[in-house]
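Trainee: I'd like to learn how to read a structure with two chains. Could you walk me through it?

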There are 2 protein chains.
Amino acid sequence: MSSSVLIASNRGPVSFAIAEDGSLTMARGAGGLVSGLTEAVKGTDALWICAAISEGDRYAARKAPNGRIDKGGYDITPVRMLDIPPATFDRAYNSVANSTLWYVNHLLYNTSLAPQFDTTFRREWQAYRDYNDAFATALAEEAAPWARVMVQDYHLALTPLMLREQRPDLRIAHFSHTPWAPPEYFSLLPDDVAAEVLTGILGADHAGFLTGRWASAFMDCCEVILGATVDRERRTVRYDKRTTQIGVHPLGVDGEALLARATAPDVESHMAALKDLIGDRKLIVRVDRTELSKNILRGLTAYREFLEKHPEWHGRVVHLAFAYPSRHDLPEYREYTAAVQRCAKEIEDEYATDDWDPIILHVRDDYARSLAAYRLADVLLVNPIRDGMNLVAKEGPILSERCALVLSREAGAAAELGQDSLLVNPFDISGTAAALHEALLLPETERIRRIARLRKASTAMPPRRWFEEQLAALAAR
Amino acid sequence: MSSSVLIASNRGPVSFAIAEDGSLTMARGAGGLVSGLTEAVKGTDALWICAAISEGDRYAARKAPNGRIDKGGYDITPVRMLDIPPATFDRAYNSVANSTLWYVNHLLYNTSLAPQFDTTFRREWQAYRDYNDAFATALAEEAAPWARVMVQDYHLALTPLMLREQRPDLRIAHFSHTPWAPPEYFSLLPDDVAAEVLTGILGADHAGFLTGRWASAFMDCCEVILGATVDRERRTVRYDKRTTQIGVHPLGVDGEALLARATAPDVESHMAALKDLIGDRKLIVRVDRTELSKNILRGLTAYREFLEKHPEWHGRVVHLAFAYPSRHDLPEYREYTAAVQRCAKEIEDEYATDDWDPIILHVRDDYARSLAAYRLADVLLVNPIRDGMNLVAKEGPILSERCALVLSREAGAAAELGQDSLLVNPFDISGTAAALHEALLLPETERIRRIARLRKASTAMPPRRWFEEQLAALAAR
């Protein structure tokens, strides 16, 4: 019991792999949540509790003295990795978190066939409870009296209440990095499961969301499903004799750090290669994990409709689509990735000429190349079905001198960036195609005016401020 | 210009087929809406305008004097059938009404892949407009000054406003027989299409819904999407300088007529055959069109989980599942029907013995047999994903002496019947399996008490009263 600030999240700031000689190699953790948080707590002694995910992680966790993993030379906060049994982890992470809670809050279900909450699901749900309980128990062990605990995201919805039951002295925050579903959709979940998720989060003193829209949806669910008392003006939810403060903290980007990274030599050399490839053609860029909610397929289809309607652009524009691997343990994701590749190939087959590739699809992750693409983009396409925030929409304008942003109105970022973007309905292929055309034609002066405002909005709340704001909110409790 | 009361709906009270000798044969129209309305207007001289659907209908429409079809010996109200071009009809009916508006209001989309609102959809949408306009034009031609016009359902969402523009003297009602989607889901539609549907219905003086829940969802959409002024207490929507009254009219069953039909000889003989088949086993019945929203597949899966968890019922219960053909023009429906048949076969393969068939699935429509099944049921399972009302839930208790009703809370009927049913979350297989078990064990006295209250609620608003209430609401304008 020593730490006065603790973080809990599924992934941690580092991950391990076992090399051929049996030794451990270490790398920075991946994912937007992790990189933001790593920035936010750099230089503090906050304890970060995460799950061991790879075999290397498990090995590192088991041999760690006092549970603290050896950070090697990395400048990161102390880390404790939880060695949760693989079957429990798989059910909690893949089946419940990513195939149930994620689907609900992104409205992704093919409802005539899924979900089916049967006995198999009940076993998975118990694993999710066990997984959340492992975090709660570790946090209870590690937290100093009155410590502040920052629980992250949908993987850990039950942890706040579980932790409170063990340690009523602690000040607990939960933050949702996803959207939230309206009550009519959230109640696809079995009644007891829906209630357990909501009361789990309400176990926190402070429940944070990325936009007012998701915060409102959460409050609606608390009111309709739990019968909780909601004060929308003060953003509080009163339930079971406790009051939870609902917070809106629109995570942004550390602009200076991003610019520094994006001018490193590896990015510069990618830029040179891309310039060779693109020539003086206009460039439409997208950068996403291949996640169902990212809507890559409709983005490609919209580009195809754009080419069909505007032959004047043939040979004069290239769409560079980075669709990085995601959640390949889930068959739906593998099928979706294949469909994305098929669609790109169809566009290529239909429109390519000897000296023009209308589309270049990359499915292998390369951060430096993504940064280079942002810098060169004339148009950045960000069209998710639904998205907690979407940091691509914030990173692009920071790096590009002149790109126009075509942005889904269903991305959390639309609340801050909507006025200076071309907003689209992500299901509207024709509307998206028209927006791509309009974005390409946007006059230079207008681009520059918009970019300035987009940058200001995107950097308004860098990760450290975002984190400190929540810590301060907890301190005030 | 002669009729003072007019009805407009996609299907009419009769349909025609061309016999081998080239002559026309006539039959009563099918579907819940049509049979309710036929009852409601019997003996009046209301003019019913509908679309020609079959080749026989088109032939009858073309040779009809003054557009009035020859009713033969049928005791029905005058009918005019509109001979809408087949391509227009197919796009309006299959692509827009049944594959778009139906999907939206029943939350049926597999959102990562569908809908895709592209140029093809735009052509379909124009056909839907043309189809609605054909009705508006015919109504404008036929209506006497100040006549009352009753426009039915999602096929004809644009007709009220189109008609008002041609004939501002008329008093127009629209009635939605479906659920209505919450704004977050309704706005999957392209913005202009969403607005056109809402303003189309608001062209009516009176917009009716089956329950308060769907009326509220419609008002939410008007407020959020159109920015209309909504008075929830008075149930009015003010938009574009006009006020539309929102009405809630929970359509019920004419109990006496149903009982009379259900004691006819054909039903009695089906009862005898079913009794032979079932013996003294308990009987779980379901009767549905094989419509994605009816949730037949999860119903069968729940029955399988029930058998798995309760071996004490093996050999002592039979599930009689009537899944009648529906919308076989849509590939999704054909696939779903195949999946239902596969699932039933799996249950049979797994549990059947030499003297016990655990499940009997019928996919051929037979109304008399359905009525016989209602009369014999111990449990009636009605578990739609989402349903405007669901009249099966109301018909069953009228005919059965002792059946317990397992009812989806997402059916409109749950508002009236919920207190005396075993309510289930339709996505919760385990919950549905548990409800089937509980329903089978419900004590006789409790069944009888519940049946009495269910009958009262089910017959509270028979079609004729339902229709007259709306006519009266219009007269008061």
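Trainee: How many residue pairs are in polar contact between chain B and chain A?

Mentor: Keep in mind that this is a predicted model. Between chain B and chain A, the count comes to 30 residue pairs in polar contact, with both residues at pLDDT 80 or more.

Trainee: And how many salt bridges does the rule find across the interface of chain B and chain A?

Mentor: For these, look for a side-chain nitrogen of Lys or Arg within 4 Å of a carboxyl oxygen of Asp or Glu. Here the rule finds six across the interface. Have a look at B:Arg409 and A:Asp191: they form a salt bridge, and their closest N and O atoms are 2.7 Å apart.

Trainee: What area is buried between chain B and chain A?

Mentor: About 3200 Å², with carbon and sulfur atoms giving 47% of that. On the chain B side, B:Ser112, B:Glu184 and B:Phe427 lose the most area to chain A, together 19% of what that side buries. If you go by contacts instead, 39 residues of chain B touch 40 residues of chain A.

Trainee: How are the two copies related?

Mentor: In general, two copies of a chain are related by a rotation about an axis and a shift along it. In this model, chain B lands on chain A after a rotation of 180° with 0.0 Å of shift along the axis, and the RMSD is 0.0 Å. So the copies are related as by a two-fold rotation axis. In chain B, the residue that comes closest to that axis is B:Asn110, at 1.9 Å (C-alpha).

Trainee: Through which surface do the copies meet?

Mentor: The same one, because 100% of the interface residues of chain B are also interface residues in chain A.

Trainee: What about cavities: how many of 30 Å³ or more does a search of the whole structure find?

Mentor: It finds four, and the largest has a volume of about 80 Å³. That largest cavity is lined by 13 residues, and those nearest its centre are A:Glu184, A:Leu188, B:Leu107, B:Ile385 and B:Phe427. By class, its lining has five nonpolar, four polar and four charged residues.

Key:
Residues numbered from 1 in each chain as written. Chains lettered and ligands numbered in written order. Predicted model: local features only at pLDDT ≥ 70, side-chain atom pairs only at ≥ 80, totals over all residues. Heavy atoms only, no water. 1 Å grid on protein atoms, 1.4 Å probe; cavity = no way out; pocket = protein on both sides within 12 Å on 5 of 7 lines; lining within 4 Å. Points joined across faces, edges and corners; volume = space filled by probe spheres on them. Nonpolar A, V, L, I, M, F, W, Y, C, P; charged D, E, K, R; others polar. Least-squares fit on C-alpha atoms with pLDDT ≥ 70 in both. Contact = heavy atoms within 4.5 Å. Buried area = accessible area lost by both parts, 1.4 Å probe. Polar contact = N/O pair within 3.5 Å; in protein donor to acceptor, adjacent residues only side chain to side chain.
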